[in-house]
Amino acid sequence: PACGCGNFLYVTYRALKDIEMEIVEKIVDNFSERSYRNIKFGLSRVSAKQFYGIDTLNVAVEVAKVTMMLGKELAASEWNKRISTKLSMLGLSLDEGLPLDSLEEQIICDDALFCEWPESDVIIGNPPYQSKNKIQAELGLDYINKVRKKYPDVPGLADYCVYWFKRAHNELQPNQRAGLVGTNTIRQNYSREGGLDYIVNNGGTIYDAISTQVWSGDAVVYVSIVNWVKGSYTGKKRIAFQRGDSANAPFEYHDVDKINSALSLSIDLTSANTLQSNKNPKKCFQGQTHGHTGFLLDKTEAEQILNENPEYRDVLFPYLNANEMLSNFDSLPSRYVIDFRKDDIFSANQYKVLINHVKKNVFEDRELKAKTESDRNKKLFDENPNARVNKHHQNFFNQWWRLSYARDDLMNQLESLPRYCVCGQVTKRPIFEFVSSEIHPNAALEVFLFSDDYSFGILQSNIHWEWFTARCSTLKGDPRYTSTTVFDSFPWPQNPNLEQIKKIADCSRNLREIRRDIMKRMGLSLRDIYRIAEETPSNPINEAQDLLNSEVFDTYGISPNEDVLSFLLDLNQEIYQKELENREVIKPGLPNFVVDKSCFISDDCIRLR
């Protein structure tokens, strides 16, 4: 399925022809002439007609046919050079490239998600890579609705290739095998639920997989490769990981008893529960999405406007993204954002300079996109009155003066805090930092509504980082923090005492002080000092982190030799059960028994000078 120009079919055809030649060679080399003369050879030649492909592009189908025809000619040439003598000894005729095979019934132009598949022994392929965020633009809303109606059990947020995994597994007969390449998101979150979870929960066994690999083609993407059988598989399974960001990076191989649907070596955390104590009240958010550069001003222009119009501080704010936090020497933002989230169009007009800037740069663009979307929706309705349509751009145009996603629920709470905690939403390293509430967070930052040093210490600890990397999704090869899968299920310590809380707070302040001192003395960014710390493990940053980790381990009650993820999964399930029984649990943040919370709130943070 999704055979494209036939690369997978061609390679498989050549591999099977090679196996067939090896069989002939072994018969001649290991049997006496008298023995093989008495053998009734019913040698089933590997034929191009035994290979089937489906693709939606007619030109790809035609190229695939030619590819397989050429494959037959090349294999015949090799066959006759390599084993022609042995073939004659067996009384078998030579393989011939001609006549060319007609493959009209084998390789067809159709949509593999909807058409009937031919009977087969093995399914292999490289399905399309459209992500959940681009699938509508690539394929159109009408097609998406058609796919979701056909496969209602696949989550709507799953990547497109997931549908092929589900369909392939359904096509397999008992003990038949499949091997597909997918984006590495197939092992994460909604995509995992729709594909690999479905496979292992419906009689499938993954026996060989590459968890993550840099794709060697033109697409800038990381992939996972999964081979499974519909049934049981005895013996060890093999899982591989590519360690690095280039196509030539080395692989690390592990032989294991079981490969889980997350394609990880660690304990399978797919059974971790969402904890209501983490969701209510909500403490973890994505930052603001401006949605259009017309809402942004560079620092110099913004400060000039504020000098001339001080009252504009109500709607014009410093705007920090993850790259600036990690890469700038002082971690300060270089842009400001115009945020009219509290203003209707009439009150926004009192800020003449800013509303005129937004109208000039944003209005026409949003109007055009809304019209294009409306025209597309009308066409869909004309073709299918029951079609689901998207009014994404229409909604933006209706409030053209406002950010695409201003995150009101987040920003309203930030106003009452002196500072808040952040990390890069996509990050290779556990780097958390406090940011002054006068600075607005960009969507590239994950925001945690904690101002206290204890909560920072928990988030900055290796315990939280291990849970993060085991439960997160990824963007390309880097971990991506998602509140629904990481924070909402992360269990906080349930039996901390005041002394332990104080020690964690002290260690977290100490770590930040050491970081700031090194940054100031050496002119380094946060990213710089963590890169250097990785290269030379014996350094003040790692020593301060180790002290923090030790105190956090002690507060959780985890022994040095205990498996952290197993402990956290058990704790997650314990808290979840208590919630079902309406029993009290310790929520994220400072526990309620801490009377004077202010003594745990220091004043260091990223702030404007």
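Buried, for the views that follow, means a relative accessible area under 20%. The model shown is predicted.

**View 1. Welcome to the whole protein, with its helices and strands.** There are 21 helices and 18 strands to find your way around. The C-alpha trace covers about 95 × 65 × 55 Å when laid along its principal axes. The protein has 609 residues, and 50% of them count as buried. If you like contact maps, take those contacts with a separation of 6 or more: 74% of them join residues 24 or more positions apart.

**View 2. The surface and the charges of the protein.** About 29,900 Å² of the protein is exposed, and 49% of that area comes from carbon and sulfur atoms. Where do the 73 positive and 84 negative charges lie on average? Their mean positions are 2 Å apart.

**View 3. Helix H5 and the helices it packs against.** Helix H5 takes in residues 141-150. Which residues of H5 are buried? Look for Leu 141, Tyr 143, Ile 144, Asn 145 and Val 147. The packing partners of these buried residues are helix H4 (135-139), helix H6 (162-171) and helix H13 (352-383).

**View 4. Helix H6, a mostly covered neighbour in the packing of H5.** H6 is one of the helices that the buried residues of H5 pack against. How many of its ten residues are buried? The count is eight, so H6 is mostly covered, with buried taken as under 20% relative accessible area. Aromatic-minded readers can pick out Tyr 163, Trp 164 and Phe 165 among the buried residues of H6. The charged side chains Lys 166 and Arg 167 are on that list too, and Val 162, Ala 168 and His 169 complete it.

**View 5. A negative patch that includes Glu 466.** Glu 466, Glu 562, Asp 563 and Asp 570 form this negative patch on the surface. To place Glu 466, follow helix H17, residues 462-471. Why can Glu 466 belong to a patch? Its relative accessible area is 34%, so Glu 466 is partly exposed and passes the cut-off of over 30% that patch residues need.

**View 6. A nonpolar patch that includes Leu 16.** Here Leu 16, Ile 19 and Ile 23 make a nonpolar surface patch of about 240 Å². Leu 16 sits in helix H1, which runs over residues 7-30. Is Leu 16 buried or partly exposed? Leu 16 counts as partly exposed because its relative accessibility is 36%, which also clears the over 30% cut-off for patches.

Note on methods
Residues are numbered from 1 along each chain as its sequence is written. This is a predicted model: local features need pLDDT of at least 70, side-chain atom pairs count only at pLDDT 80 or more; totals for chains, interfaces and linings use all residues. Side-chain values use heavy atoms; hydrogens and water are left out. Buried means under 20% relative accessible area, exposed over 50%, partly exposed in between (1.4 Å probe, protein chains only). Helices (H or I, at least four residues) and strands (E, at least two) are DSSP runs, numbered from the N terminus. Contact means heavy atoms within 4.5 Å. Patches are made of residues with over 30% relative accessible area and no salt bridge: like charges are joined within 9 Å, nonpolar side chains (Val, Leu, Ile, Met, Phe, Trp, Tyr) within 5 Å. Accessible areas come from the Shrake-Rupley method with a 1.4 Å probe; for residues, only the protein chains shown count as cover. A salt bridge is a side-chain nitrogen of Lys or Arg within 4 Å of a carboxyl oxygen of Asp or Glu. Lys and Arg count as positive and Asp and Glu as negative; His and the chain ends are not counted. The place of a charge is taken as NZ of Lys, CZ of Arg, CG of Asp or CD of Glu.
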